[in-house]
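Thanks for sharing this one. Here are a few points to read alongside the model, in numbered form.

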Amino acid sequence: MSEPGSAPLHLGEFREVYHRVYREPPYHEDTADADGFARQLAGHAALPGFAVATVRDGATLTGFAYGVHRGAGWWHPRAAAPAPRWLRRLPLFYVYELAVVREARGRGHGRLLLDRLLADRSEPYAVLAASGKAPARDMYRRWGWTEAGRLTGPPHGVDLLVLPLPQQHRPDRRGETG
């Protein structure tokens, strides 16, 4: 895993993995979408609290997950409703992408990537968006992610899922008032 400044991101290889994964059903994204992803990743990488985890086959990137710290009160701008009351005053870690190329799937890479990405986070919860049409949606549910909202479409049928993060990783908050 890396934080900003610890290792340069090679946007081209992340774009390629993204394109290989998201051109498949149910997404059917094209090269323009992959280019947009690369621009988004570059912007997110410059934000405080950015983190990325990768998996490689030799020197070739075969999967990644990345996310960004979001302050208290942040909620997805395309959410169909406000954040659940219990999340509204808390900082979150938003997982923007988890992508593993087809040839590397079924080997536990997705779980490893998320575990690495979420390890030692100080935020109490992680949030991600998952299409109800994607096999990953069921995978997230098996790993303990629960529904906290929905996005407005298109695409339609995208849920916001939340996962409580282990308390032992949070800084000591004694003396704070709410």
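1. The largest pocket holds about 1300 Å³ of space. Please keep in mind that the model is predicted. If you would like to find the pocket on screen, start from Y22, Y27, E97, L98 and A129, which lie nearest its centre among the 44 residues of the lining.

2. Which elements build this lining? At least two residues each come from helix 1 (11-22), helix 2 (31-45), helix 3 (109-118) and helix 4 (135-142), and also from strand 3 (92-100) and strand 4 (125-131). Strand 3 gives the largest share, with seven residues.

3. It is worth colouring the lining of the largest pocket by residue class. You should find 26 nonpolar residues there, together with nine polar and nine charged ones.

4. Next, have a look at helix 1 and helix 2, both of which supply residues to the pocket lining. Their axes lie 9 Å apart, and the two helices pack at an angle of about 135°. Angles over 145 degrees would count as roughly antiparallel and those from 65 to 115 as roughly perpendicular, so helix 1 and helix 2 are oblique to each other. The crossing of helix 1 past helix 2 is right-handed.

5. Which residues make this helix contact? From helix 1 come L11, F14, R15, Y18 and H19, and they meet T31, D33, A34, D35, F37, A38, L41 and A42 of helix 2. By class, the residues of this contact comprise eight nonpolar, two polar and three charged.

6. The loop between helix 1 and helix 2 deserves a closer look at its backbone. P26 sits in this loop, and the peptide bond leading from P25 to P26 is cis, with omega near 5°. H28 is found in the loop between helix 1 and helix 2 too; its phi is positive, near 55°, although the residue is not a glycine. As a reminder, most peptide bonds are trans, and most residues other than glycine have a negative phi.

7. Where is the cis bond between P154 and P155? P155 belongs to the loop between strand 5 (146-150) and strand 6 (158-164). Omega for the bond joining P154 and P155 is about -10°. I would mention this bond and the cis bond from P25 to P26 together in the text, as each joins two prolines.

How values were computed. Residues numbered from 1 in each chain as written. Predicted model: local features only at pLDDT ≥ 70, side-chain atom pairs only at ≥ 80, totals over all residues. Heavy atoms only, no water. 1 Å grid on protein atoms, 1.4 Å probe; cavity = no way out; pocket = protein on both sides within 12 Å on 5 of 7 lines; lining within 4 Å. Points joined across faces, edges and corners; volume = space filled by probe spheres on them. Helix = DSSP H or I, 4+ residues; strand = E, 2+ residues; numbered from the N terminus. Nonpolar A, V, L, I, M, F, W, Y, C, P; charged D, E, K, R; others polar. Axes fitted to C-alpha atoms, helices over the stretch in contact; angles between N-to-C directions. Parallel < 35°, antiparallel > 145°, perpendicular 65-115°, else oblique. Left-handed = near helix turned anticlockwise from the far one by under 90°. Contact = heavy atoms within 4.5 Å.
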